[in-house]
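The questions below ask for the reasons behind the labels. Each answer sets a value beside the rule it has to meet.

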Amino acid sequence: ATSEMAEDNPNPPPLSIIQGEVWLWECIAAHLPPKTLARLEGTCRHLRAAASDDALWKASLEHVVDTGGALPLHNMTHRAAARHVHAALEGGLQCPLVYCAEGVSSIDRQPEGPENVIPWSQCVSETFDLTPEMAMQMQSWGREVCHCCTGRPCYWSSAASADGDSDEWLLLRLRARVCVLQSLVLHPYRAWWQPRDEQSKYPVYAPKSMECEFGYFPGSVQNPLGRRAATPSPNEHSEGGEGEKEDLLHFKTSRVSVAHSAQGTSITLDKPLLVLGGHVRVRMYGKQQRQTLVYQMANEFYTCVQHIAVTGAAVRGLVCDTAGGE
Ligand SMILES: [Zn+2]
């Protein structure tokens, strides 16, 4: 067809072929980042006319991020949304996104609260697994050792449970109502100062599996932190009394198995994910480790987490209807 056309007209204006074909422009935009589409738009009036269709910007936005379904933009075009997302991506996707902990299923003792999962624990190194002997040696060299061995925990601990299938959750607030998520990694806590377990390993209080929910979950926010709460269901809506806000689930990851090790377990994404609402609820299913301290009650399961790393970029200026808050 191309050669025939070339015979009819030796210099066919190439744009006339696809001019007016919105679906074709959408296909092209679906392979272009917003910045490139913006540049292309500036090259001629045909392209400027084509790019006035917001569907092109939606396609271009979905080229750079997974929007987790239809984006409920509030009085905003996809063109504007794409500009804000692109600006966020330009800064890279390596920013720590957790701002604070806002809720938890249970706490064993008050200092073992969920706020401890935000910083990286001092007793954890990528190059060695700390043992009591090493800690003593470090102290003899005058080096600081993590205070988790002396009652100042660097981790969150659930309450004890006799049931290895009992579940826990943590609610974390992200740095912005709209974020681009690159990865989420959960690092179970390895209690290097406790007696070794029946496999001669220091206990690692890992859950069996986990999944993450992104959205806005005012029903899970606790004040003060750690008040005992039932596990909220994402499909359950509270009565919605005056001033009460409803939970809004934007995206739920698939459930992944957690290794019985202090090495982190990641939620991996095919593409950076646009998450709305400013909350992530990390659900942890089951418990793999029993307590090893013999002077305490035996046969008790716990979930303990050293660190949860949520990495990506905060998106400023993008307003969505399910972004929650005031
Ligand atoms: Zn520690």
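**Values against definitions**

The side chain of D247 reaches the backbone nitrogen of G219 at 2.9 Å. This is a predicted model, in which local features need pLDDT of at least 70 and side-chain atom pairs count only at pLDDT 80 or more, while totals for chains, interfaces and linings use all residues. Residues are numbered from 1 along each chain as its sequence is written, and side-chain values use heavy atoms, with hydrogens and water left out.

Q: Why is the approach of the D247 side chain to the backbone nitrogen of G219 called a polar contact?
A: A polar contact is a pair of N or O atoms within 3.5 Å; within protein, one must be able to donate a hydrogen and the other to accept it, and residues adjacent in sequence count only if both atoms are side-chain atoms. The separation here is 2.9 Å, so the pair falls within the limit.

Q: What makes D247 buried or exposed?
A: Buried means under 20% relative accessible area, exposed over 50%, and partly exposed in between (1.4 Å probe, protein chains only). D247 has 13%, so D247 is buried.

Q: How do you know that R281 and E213 form a salt bridge?
A: The term requires a side-chain nitrogen of Lys or Arg within 4 Å of a carboxyl oxygen of Asp or Glu. For R281 and E213 the closest N and O atoms are 2.7 Å apart, so the rule is met. R281 is in strand β11 (residues 279-285) and E213 in strand β6, 68 residues apart. Strands are DSSP runs of E, at least two residues, and helices are runs of H or I, at least four, numbered from the N terminus.

Q: What places D247 in a network with R281?
A: R281 and D247 also meet in a salt bridge, at 3.9 Å from N to O. Salt bridges that share partners join E213, D247, R281 and R283 into one network.

Q: Why is the pair E90 and K35 said to tie together separate parts of the sequence?
A: E90 and K35 form a salt bridge, with their closest N and O atoms 3.6 Å apart. E90 lies in helix α7 (residues 78-90) and K35 in helix α4 (residues 34-41), so the pair joins parts 55 residues apart in sequence. E90 is exposed at 53%, and K35 is partly exposed at 39%.

Q: Why is the zinc site called tetrahedral?
A: Donors are N, O and S atoms within 2.8 Å of the metal (3.2 Å for Na, K and Ca); water is not among the atoms, so sites may look incomplete. The SG atoms of C123, C146, C148 and C154 lie 2.2 to 2.3 Å from the zinc ion. Four donors count as tetrahedral if all angles lie between 85 and 135 degrees. The angles here are 104 to 117°, so the label applies.

Q: What makes the pair Y155 and Y189 stacked?
A: Rings of Phe, Tyr and Trp (its six-membered ring) pair if their centres lie within 6.5 Å; planes under 30 degrees apart count as stacked, over 60 as edge-to-face and the rest as tilted. The centres of Y155 and Y189 are 4.1 Å apart and the planes are at 20°, so the pair is stacked.

Q: Why is the pair Y205 and Y302 called edge-to-face?
A: The centres are 6.0 Å apart and the planes 80° apart, so both limits are met.

Technical notes
Four donors count as tetrahedral if all angles lie between 85 and 135 degrees; four count as square planar and six as octahedral if opposite donors are over 155 degrees apart and all others between 65 and 115; anything else is irregular.
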